[in-house]
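Please open the model in a viewer and keep the sequence panel visible. The stops below proceed by selection, each followed by an account of what is found there.

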Amino acid sequence: MKEKEALLSLAALAQQARLRIFRALVGAAPGGLTPSALSAMLDVPASTLSFHLKELIHAGLAEVERDGRNLTYRASVRRMDALLAYLSDHCCQGAGRLSSV
């Protein structure tokens, strides 16, 4: 992951509703959630939810699958893993991993 991609991802998560939505999608992985399920779970209006989901997709943190008229949103676990790897890459004198505390 490049710095620009990391910044885009972190900026998307630096908003309370988007962080909550992303965490819900991560919790529902790999199956994902429909917009109506997300809206009910997080008590977020559909129009607001749509805006935040678009931002997460733009940042590469979420993906959407259409099945007829139904949409299913999923967290991009690959992108999340890449972001975590980017953040911890220079950790611990180059070991790349945090030691257990």
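Where does Lys-2 lie with respect to helix H1? Lys-2 is in the segment before that helix, which spans 3-13. This is a predicted model, and the tour starts near the beginning of its numbering. Lys-2 has a relative accessibility of 63% and therefore counts as exposed. Now add Ala-82 to the selection: it is 80 residues from Lys-2 along the chain, yet the two C-alpha atoms are separated by 9.6 Å.

**The whole chain**

Next, display the protein as a cartoon. Five helices and two strands should appear, and their order along the sequence is α-α-α-α-β-β-α. The C-alpha atoms fill a box of roughly 50 × 25 × 25 Å along the principal axes. Of the 101 residues, 30% are buried. Among contacts between residues at least 6 apart in sequence, 53% join residues at least 24 apart.

**Helices H2 and H4**

Two packed helices are described by the angle between their axes and the distance between the axes. Select H2 (residues 16-27) together with H4 (residues 46-58). The axes of H2 and H4 come within 10 Å and cross at roughly 75 degrees. H2 is therefore roughly perpendicular to H4, as angles of 65 to 115 degrees are classed in this way. To view the contact, show the side chains of Ala-17, Arg-18, Ile-21, Phe-22 and Leu-25 in H2, which meet Leu-49, Phe-51, His-52, Leu-53, Glu-55 and Leu-56 in H4. By class, the contact of H2 with H4 comprises eight nonpolar, one polar and two charged residues.

Within this selection, centre the view on His-52, which belongs to helix H4. Is His-52 buried or exposed? Its relative accessible area is 6%, so His-52 is buried. Setting aside neighbours within four places in sequence, His-52 contacts Gln-15, Ala-17, Arg-18 and Ile-21.

**Helices H3 and H4**

Keep H4 on display and select H3 (residues 35-42). Here the packing angle is about 110 degrees, and the axes are 10 Å apart. H3 is therefore roughly perpendicular to H4. The crossing of H3 past H4 is right-handed. Pro-35, Leu-38 and Ser-39 of H3 make the contact with Ala-46, Leu-49 and Leu-53 of H4. Five of these residues are nonpolar and one is polar, with no charged residues in the contact of H3 with H4.

**Helices H2 and H3**

Now hide H4 and return to H2 alongside H3. These two helices pack at an angle of about 120 degrees, with 11 Å between their axes. H2 passes H3 in a right-handed crossing. On the H2 side, select Arg-20, Ile-21, Ala-24 and Leu-25; on the H3 side, select Leu-38, Met-41 and Leu-42. The contact of H2 with H3 has six nonpolar residues, no polar residues and one charged residue.

**Leu-25**

Select Leu-25 alone, within helix H2. With a relative accessible area of 0%, Leu-25 is buried. Which residues does Leu-25 touch, not counting those up to four places away in sequence? They are Leu-33, Leu-38, Leu-53, Ala-62, Tyr-73, Arg-74 and Ala-75. A further distance to display is that from Leu-25 to Leu-61: these residues are 36 apart along the chain, and their C-alpha atoms are separated by 9.7 Å.

**The salt bridge**

From the contacts of Leu-25, move to Arg-74. How many salt bridges does the structure hold? There is one, and it joins Arg-74 to Glu-65, with the closest N and O atoms 2.9 Å apart. Arg-74 has 23% relative accessibility and so counts as partly exposed. Glu-65 also counts as partly exposed, because its relative accessibility is 42%.

**Ser-76**

For the final stop, select Ser-76, in the loop between strand E2 (70-75) and helix H5 (77-88). Although Ser-76 is a loop residue, its relative accessibility is 7%, so it counts as buried. Show Gly-60, Leu-61, Ala-62 and Glu-63 as well: Ser-76 is in contact with these residues, leaving aside its neighbours within four places in sequence. Ala-62 has already appeared in the tour, among the residues that Leu-25 touches.

Conventions. Residues numbered from 1 in each chain as written. Predicted model: local features only at pLDDT ≥ 70, side-chain atom pairs only at ≥ 80, totals over all residues. Heavy atoms only, no water. Axes fitted to C-alpha atoms, helices over the stretch in contact; angles between N-to-C directions. Helix = DSSP H or I, 4+ residues; strand = E, 2+ residues; numbered from the N terminus. Parallel < 35°, antiparallel > 145°, perpendicular 65-115°, else oblique. Left-handed = near helix turned anticlockwise from the far one by under 90°. Contact = heavy atoms within 4.5 Å. Nonpolar A, V, L, I, M, F, W, Y, C, P; charged D, E, K, R; others polar. Salt bridge = Lys/Arg side-chain N within 4 Å of Asp/Glu carboxyl O. Buried < 20%, exposed > 50% of the residue type's maximum accessible area, 1.4 Å probe, protein only.
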